[in-house]
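The following exercises ask the reader to work through a protein model with its sequence and coordinates at hand. Each task is followed by a solution in steps.

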Amino acid sequence: MPLIPAANLSLLWSDLPYLDRFDAAAEAGFGAVEVLSPYGIPAKETQRALLRNGLTLALINAPPPNYTGGQPGFAAIPGGEARFAHDMRRVWRYVDALRPRMVHVMAGETEGAAATETFMANLRYAAAEAPPGVTLMIEPLCPQAKPGYFLNDYAQAAELLVAVDAPNVALQFDSFHAQMIHGDAVAVFEEYRRLIRHVQLGDAPERGAPGSGEVDFDGLFAALRAGYDGFVSGEYAPGVATEKTLEWVAALGE
């Protein structure tokens with residue numbers, strides 16, 4: 001499929017009530033959206049917002065947040081395997097209702113060899129349980145945004161994907177995190193493009209809209225057009241009205 005612009009509704013139009021953001025995205029011309037955590041309201045309400053606007057849901061995160069105060073991702077934390085399996089069952093219920101194409105499995109804050117083995121085991125389990133057509137994503141997060149996060153390097157992510165060896169587990173690329181971790185988001189994309197099945201856009205170092213910082217978006221968009229098919233989602237803090245930050249949508253297709 002071609003490059004498909006998408007809007008991350010957890011960050012864009014954050015001044016609007018959650019369900020109204022779907023209407024705003026459709027009015028702005030988006031055909032796809034992503035929601036990091038849809039678990040706070042019944043799935044039927046999000047489903048209706050998607051349907052009334054003709055929107056495709058590109059991605060959600062998993063496992064869902066722990067409302068007792070724990071961290072929102074824990075797939076790499078040793079000893080949490082039973083909880084991971086339990087929470088993934090809740091994720092699958094939302095997947096069944098909302099039909100996202102991808103589910104981002106968050107690793108959590110940990111480190112070490114045991115964490116690596118735990119993360120791989122949980123990814124293999126989830127890959128075997130995932131509904132047909134759903135791809136599980138892993139994403140390196142930079143220490144500036146997520147201190148202590150287990151998955152914090154693209155080479156590390158590539159090694160994990162090779163070891164897990166599941167066709168429905170792939171790499172999620174975020175230009176903000178790639179730039180902050182490695183200093184050159186375009187080079188990161190080009191090196192790991194064979195593993196990438198979802199792209200998110202944010203500038204660095206402030207995670208602002210494309211064009212507000214250090215990322216070479218002209219180079220990145222050229223690389224995307226040359227070697228990627230799929231969703232390209234704006235995941236950034238607008239800082240102003242979201243509608244004033246959407247120039248990247250047109251630039252992506254040039």
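**Exercise 1. The second largest pocket**

Task: State the volume of the second largest pocket, and establish which residues line this pocket.

Solution. The model is a predicted one.

Step 1. The volume of the second largest pocket is about 160 Å³.

Step 2. Its lining is made up of Q47, L50, L51, G54, L55, T56, L57, A97, L98, R99 and R101.

Step 3. At least two lining residues come from each of helix 2 (43–53), strand 3 and helix 3. Helix 2 supplies the largest share, namely three residues.

Step 4. Sorted by character, the lining of the second largest pocket holds six nonpolar, three polar and two charged residues.

**Exercise 2. The largest pocket**

Task: Determine how many residues line the largest pocket and which of them lie nearest its centre.

Solution.

Step 1. The volume of the largest pocket is about 310 Å³.

Step 2. The lining comprises 22 residues, and L36, N61, M106, L141 and E235 are those nearest the centre.

Step 3. Strand 3 (residues 56–62) contributes the most to the lining of the largest pocket, with three residues.

Step 4. By character, the lining of the largest pocket consists of twelve nonpolar, six polar and four charged residues.

**Exercise 3. The buried face of helix 8**

Task: Explain why the buried residues of helix 8 line one face of the helix.

Solution.

Step 1. In helix 8 (residues 217–227), the buried residues are F217, L220, F221, A223 and L224.

Step 2. Viewed down the helix axis, the buried residues of helix 8 fall within an arc of 160°, so they line one face.

Step 3. The general background is that an α-helix has 3.6 residues a turn, so residues three or four places apart point the same way.

Step 4. On the face turned away from the buried side, helix 8 carries the exposed residues D218 and A226.

**Exercise 4. The nonpolar cores**

Task: Identify the residues that touch the most other members of the largest nonpolar core.

Solution.

Step 1. The largest nonpolar core has 84 residues, and F119, F173 and L224 touch the most other members. Helix 3 (residues 81–98) provides the largest share of this core, seven residues.

Step 2. Leaving aside residues up to four places away in sequence, L224 touches L3, F189, V199, V232 and L252.

Step 3. A separate second core has eight residues, among them A6, M102, M137 and A170.

**Exercise 5. A buried loop residue**

Task: Decide whether A76 is buried or exposed, and list its contacts beyond four places in sequence.

Solution.

Step 1. A76 lies in the loop between strand 3 and helix 3.

Step 2. The relative accessibility of A76 is 0%; the cut-off for buried is under 20%, and therefore A76 counts as buried.

Step 3. Residues up to four places away being left out, A76 touches A107, T110, A115, T118, F119 and F150.

**Exercise 6. Backbone features in loops**

Task: Locate the cis peptide bonds that join A62 to P63 and A204 to P205, and compare the settings of W13 and D165.

Solution.

Step 1. A62 and P63 are joined by a cis peptide bond with omega of about -10°; P63 belongs to the loop between strand 3 and helix 3.

Step 2. A204 and P205 are likewise joined by a cis peptide bond, with omega of about 10°; P205 is in the loop between strand 7 (196–201) and helix 8.

Step 3. W13, although not a glycine, has a positive phi of about 55°. W13 sits in the loop between strand 1 (3–8) and helix 1 (18–27), and its relative accessibility of 2% makes it buried.

Step 4. D165, also a residue other than glycine, has a positive phi near 55°. D165 is in the loop between helix 5 (154–164) and strand 6 (169–174) and is exposed, at 64% relative accessible area.

How values were computed
Residues are numbered from 1 along each chain as its sequence is written. This is a predicted model: local features need pLDDT of at least 70, side-chain atom pairs count only at pLDDT 80 or more; totals for chains, interfaces and linings use all residues. Side-chain values use heavy atoms; hydrogens and water are left out. A nonpolar core is a set of buried Ala, Val, Leu, Ile, Met, Phe, Trp, Tyr and Cys residues joined through side-chain atoms within 4.5 Å. Buried means under 20% relative accessible area, exposed over 50%, partly exposed in between (1.4 Å probe, protein chains only). Helices (H or I, at least four residues) and strands (E, at least two) are DSSP runs, numbered from the N terminus. Contact means heavy atoms within 4.5 Å. On a 1 Å grid over the protein atoms alone, a cavity is a set of points where a 1.4 Å probe fits but cannot get out, and a pocket is an open set with protein on both sides within 12 Å along at least five of seven lines; lining residues have an atom within 4 Å of a point. Grid points are joined across faces, edges and corners, and a volume is the space filled by probe spheres set on the points. Ala, Val, Leu, Ile, Met, Phe, Trp, Tyr, Cys and Pro count as nonpolar, Asp, Glu, Lys and Arg as charged, and the others, Gly among them, as polar. The arc is that of the directions from the helix axis to the C-beta atoms.
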